[in-house]
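Let's take a walk through this fold, one piece at a time. Keep the structure open beside the text and follow along.

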Amino acid sequence: MKIICIGRNYVDHISELNNEKPTEPVIFMKPDTAVLPKKTPFVIPAFSDDVHHEVEILVKICKVGKYIDAKFAHKYYDEIGLGIDFTARDVQAKLKEKGLPWEKAKSFDHSAVIGAFLSKKDFSSVENINFELKSNGKSVQVGNTDLMLWKIDELVAYVSQYFTLKKGDIIFTGTPKGVAKVTEGDVLEGFIENKSMFKIQIK
């Protein structure tokens with residue numbers, strides 16, 4: 001199972017981190033060891049003092065595909081979920097300064113929360129899905145897939161030009177504004193259309 005992540009896919013998030021707006025999707029990967037096991041707290045790693053939450057809509061691939069045309073991309077996924085891309089922002093800043101890859105900041109053990117999935121049929125359109133992250137009961141990130149620079153079908157098609165997509169692969173589609181540092185004792189809960197998709201504790 002591959003975890004393929006899209007960076008800088010929401011304009012407001014690009015602005016809050018003072019990043020440059022990309023001309024094509026930014027892609028990075030997480031290994032399967034990045035998945036946080038179910039019913040397990042997220043432990044802040046010793047190598048970072050500034051781990052941020054980034055809530056994201058997830059797309060689960062349902063069949064093998066390569067060089068997928070965007071108009072057929074909808075046939076290659078049937079479930080939509082929610083997750084968190086935990087990011088060691090201090091580590092990432094140092095890597096970005098040197099023009100180095102982000103893996104140490106984004107692909108470390110348990111950096112990927114993968115919540116529940118819903119059938120794509122539950123949505124009238126995958127281009128109008130509301131989602132939210134609450135920290136200790138307070139709303140901290142709110143997004144809608146309509147605000148993506150590159151929509152889900154475009155992402156599936158684009159990613160497939162470089163990587164063969166296989167059943168079970170998951171695409172993290174980018175985070176909206178509101179990313180922030182997590183601290184010990186925090187409880188993070190993610191929602192799609194007001195339905196709880198995951199709830200985790202920070203240690």
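**A buried lysine, then sheets and cores**

Start with lysine 106, which counts as buried because its relative accessible area is 3%, well inside the cut-off of under 20%. Keep in mind that this is a predicted model. Lysine 106 belongs to helix 3, which covers residues 103–106. What does the side chain of lysine 106 make a polar contact with? Its partner is the side chain of glutamate 54, at 3.2 Å. Glu54 also shows up in the list of residues that lysine 106 touches, once residues up to four places away in sequence are set aside. The rest of that list is Phe28, Lys30, Asp85, Phe86, Thr87, Gln92 and Ser111.

Now for the sheets. As a general point, strands of a sheet pair through backbone hydrogen bonds, either parallel or antiparallel. One open sheet here has 3 strands in the order 6-3-11, with antiparallel pairing. Its edges are strand 6 (87–88) and strand 11 (180–181), each of which pairs on one side only. Strand 3 (residues 51–53) is joined to strand 11 by 2 bridges, and one pair to look for is histidine 53 with its bridge partner in strand 11, alanine 180.

Next comes an open sheet of 4 strands, ordered 9-8-12-13 and again antiparallel in its pairing. Strand 9 and strand 13 (195–201) sit at the edges with a single partner strand each, so one side of each has no neighbour in the sheet. From one strand to the next, the twist averages 15 degrees.

Let's cross that sheet in order. Strand 9 (residues 138–144) pairs with strand 8 (residues 130–135) in the antiparallel sense, over 6 bridges. The two make a hairpin with 2 residues between the strands, where asparagine 136 takes a positive phi near 55 degrees. Leucine 133 is a handy landmark: it stands opposite glutamine 141 in strand 9 and opposite glycine 190 in strand 12.

How many bridges join strand 8 to strand 12? There are 5, and strand 12 (residues 187–192) runs antiparallel to strand 8. Besides the leucine 133 pair, you can find lysine 134 with its bridge partner glutamate 189, and serine 135 opposite leucine 188. Strand 12 is mostly covered, with 5 of its 6 residues buried.

The last step goes from strand 12 to strand 13, which run antiparallel and are joined by 6 bridges. Isoleucine 192 has lysine 195 as its bridge partner in strand 13. These two strands form a hairpin as well, with 2 residues between them, and glutamate 193 in the turn has a positive phi of about 45 degrees.

That brings us to the nonpolar interior. In soluble globular proteins, nonpolar side chains tend to be buried together. In this model, the largest nonpolar core has 45 residues. Which of them have the most contacts inside it? They are Ile80, Phe86, Ile152, Val156, Ile192 and Ile200. Apart from that core lies another, of 11 residues, including Ala34, Ala112, Phe117 and Phe172.

Two names on the list of well-connected core residues have come up before: Phe86 is touched by lysine 106, and Ile192 is the bridge partner of lysine 195. To see some of the packing, pick isoleucine 80 and leave aside its neighbours within four places in sequence. Isoleucine 80 is then in contact with Ile57, Leu58, Val59, Ala116, Phe117, Leu118, Phe123, Val126, Ile129, Ile152 and Ile192.

Notes
Residues numbered from 1 in each chain as written. Predicted model: local features only at pLDDT ≥ 70, side-chain atom pairs only at ≥ 80, totals over all residues. Heavy atoms only, no water. Buried < 20%, exposed > 50% of the residue type's maximum accessible area, 1.4 Å probe, protein only. Polar contact = N/O pair within 3.5 Å; in protein donor to acceptor, adjacent residues only side chain to side chain. Contact = heavy atoms within 4.5 Å. Pairing = 2+ DSSP bridges. Core = buried A, V, L, I, M, F, W, Y, C linked by side-chain atoms within 4.5 Å. Axes fitted to C-alpha atoms, helices over the stretch in contact; angles between N-to-C directions.
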